[in-house]
Amino acid sequence: MVSYQRNIGKLYVFSALQKMLFPMAIITLFWKDEIGLNLTEILLLQSIFSAAAVLLEYPSGYISDHIGYRSALTVATLFGTAGWGVYTAAHSFTGVLIAEILLGIGMSFISGSDSALLYESLRMEGREGLYSRYEGRMNGFAQTSEALGALFAGVLYARAPLLPFVLQIVVWALALSVTRTMREPPREKALFARTHLSEAIGIARYAFVENPSLRATILLNTLLGLASFYPVWLIQPYMQQHSVPLAWFGPVWTGANLMVAIFALASHRAQGCLGERGMVLLCFLLILAGYFGLGITGGLFGFLFYYLLTCMRGLRGPMFLNYTQKESPSANRASILSLQTLVFRVAFIVTGPLVGRLADRMGVQGSFHVLLYAFLILLPPFSFLFLRNVRSEKGAPGC
């Protein structure tokens, strides 16, 4: 029999490489100081990035199910390499926009394909029941890599603002060499196939109409994702406004990503201890505490409350992906995972520029204060919907 065990290790390496984002710890400063963007433009830029990903999010997942997950990851690395290359020549909003669109296309092909390839590889080895554990490890490698990439980002940026972007091109070229050695597992035939359009519509109907458990999972996962995503683009100006030294930016970003990595690795065991209700409640409390601290405390070390949100991000990732995987047919796995990301992207496109305008008018700390009340209102009903519909995990390990 053909072994797909090696795919797992290669996916760990690929996740580490594609998340080794040297520019991320300083990119908001780069946009503000080198390109001249304000916070409204920055959040608008990220909304356009999300829009580019949205246009291909579901189609890319559908294409991945048909051309293969390995091929989809190869296409993603080509677009990613091109996007970071454009960044090295960007001098205006337009140049950055082109780079972000290319990166958005690349991310849309990664979205769902890496997790689907992991699940299918485990299924071929008869270990799909351990998916949540391996997904946590994959997230852990990814976030640890991003942490290491960010460690010296401030120093690299101070030496030469484009140096982090040049290193990023090298990293993505290495990721391309990894995807070329992966093995594609065989999968079941499509369940909704008549024409491509009818199949795509059938998959969406299954996710949002016919399967209430999957629908509730996607909705709550989207809201939790937004809670951890807004601060990614606001924490750097927040630190700048509170006189955090530039040399700290890399280590602070490193610490944040290490929190994601540690809690992603612990997610499987935490769920076994707390169950679905306990995990949802813990995520809820971490969000409220994080936004309370960022919006009210402030000061030089106020950014430490951001770590509570990164802890939540690590905990919820493997758990919610596991529920989505279990509710997804093998033939349409990447499509449904992409649909989940699509909902998140659309939600950010709608709300991101509004949050950016809020930050420009009220200050970053004031925007965190307002978001605290927004999540306090929205999280309880979405959590109740999820807990009412989700099919409980059986046989999850205890504490």
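How many residues apart in helix 6 are Arg123 and Glu120, and by about how much of a helical turn are they separated? In this predicted model, the two residues stand 3 residues apart in helix 6, which spans residues 113–124, and are therefore separated by about one helical turn. Their side chains meet in a salt bridge, with a distance of 2.6 Å from nitrogen to oxygen. Side chains of opposite charge can pair when their charged atoms come close. The two partners differ in their exposure class, for Arg123 is partly exposed, with a relative accessible area of 25%, whereas Glu120 is buried, with a relative accessible area of 0%.

The structure holds 2 salt bridges. Besides the pair in helix 6, the side chains of Arg205 and Glu210 meet in a salt bridge with a nitrogen-to-oxygen distance of 3.2 Å. In this pair Arg205 is partly exposed, at a relative accessible area of 41%, and Glu210 is likewise partly exposed, at a relative accessible area of 46%.

A further arginine, Arg316, is found in helix 13, which runs over residues 306–326. Arg316 is buried yet has no salt bridge, and the nearest side chain of opposite charge, that of Glu135, is 9.9 Å away. Because a salt bridge requires a side-chain nitrogen of Lys or Arg within 4 Å of a carboxyl oxygen of Asp or Glu, the separation of 9.9 Å between Arg316 and Glu135 does not qualify. A polar contact of 2.6 Å does, however, join the side chain of Arg316 to that of Asn221. When residues up to four places away in sequence are not counted, Arg316 touches Asn221, Leu224, Gly225, Ser228 and Cys283.

Helix 12, comprising residues 246–297, contains Trp248, and Ser267 and Thr297 are also placed in this helix. Trp248 is partly exposed, with a relative accessible area of 31%, and together with Leu300, Phe301 and Leu304 it makes a nonpolar surface patch of about 360 Å². Because residues enter such a patch when their relative accessible area is over 30% and they have no salt bridge, the value of 31% for Trp248 satisfies the accessibility criterion.

Ser267, by contrast with Trp248, counts as buried, at 0% relative accessibility. With residues up to four places away in sequence not counted, Ser267 touches Met279, Gly314, Leu315, Pro318 and Met319. Thr297 counts as partly exposed, at 46% relative accessibility, and, leaving aside its neighbours within four places in sequence, is in contact with Phe292, Phe305 and Gln365. Between Thr297 and Ile349, which are 52 residues apart in sequence, the distance in space is 29 Å from C-alpha to C-alpha.

Several residues in the loops between helices were also examined. Ser243 is found in the loop between helix 11, residues 212–241, and helix 12, and it has a positive phi of about 60 degrees although it is not a glycine. Ser243 is exposed, with a relative accessible area of 58%.

Ala90 is found in the loop between helix 4, residues 69–87, and helix 5, residues 93–110, and in contrast to Ser243 it is buried, with a relative accessible area of 7%. The C-alpha atom of Ala90 is separated by 8.2 Å from that of Ile35, although the two residues are 55 residues apart along the chain. Ile35 is also one of the residues that Ala90 touches, together with Gly95 and Val96, when residues up to four places away in sequence are not counted.

Gly68 lies in the loop between helix 3, residues 39–67, and helix 4, and is buried, with a relative accessible area of 3%. For Gly68 and Ile218, which are 150 residues apart along the chain, the C-alpha atoms are separated by 24 Å.

Note on methods: Residues numbered from 1 in each chain as written. Predicted model: local features only at pLDDT ≥ 70, side-chain atom pairs only at ≥ 80, totals over all residues. Heavy atoms only, no water. Patch = residues over 30% accessible without salt bridge, like charges linked within 9 Å, V, L, I, M, F, W, Y side chains within 5 Å. Areas by Shrake-Rupley, 256 points an atom, 1.4 Å probe, with all protein chains shown as cover. Helix = DSSP H or I, 4+ residues; strand = E, 2+ residues; numbered from the N terminus. Buried < 20%, exposed > 50% of the residue type's maximum accessible area, 1.4 Å probe, protein only. Lys, Arg positive; Asp, Glu negative; His and termini not counted. Polar contact = N/O pair within 3.5 Å; in protein donor to acceptor, adjacent residues only side chain to side chain. Contact = heavy atoms within 4.5 Å.
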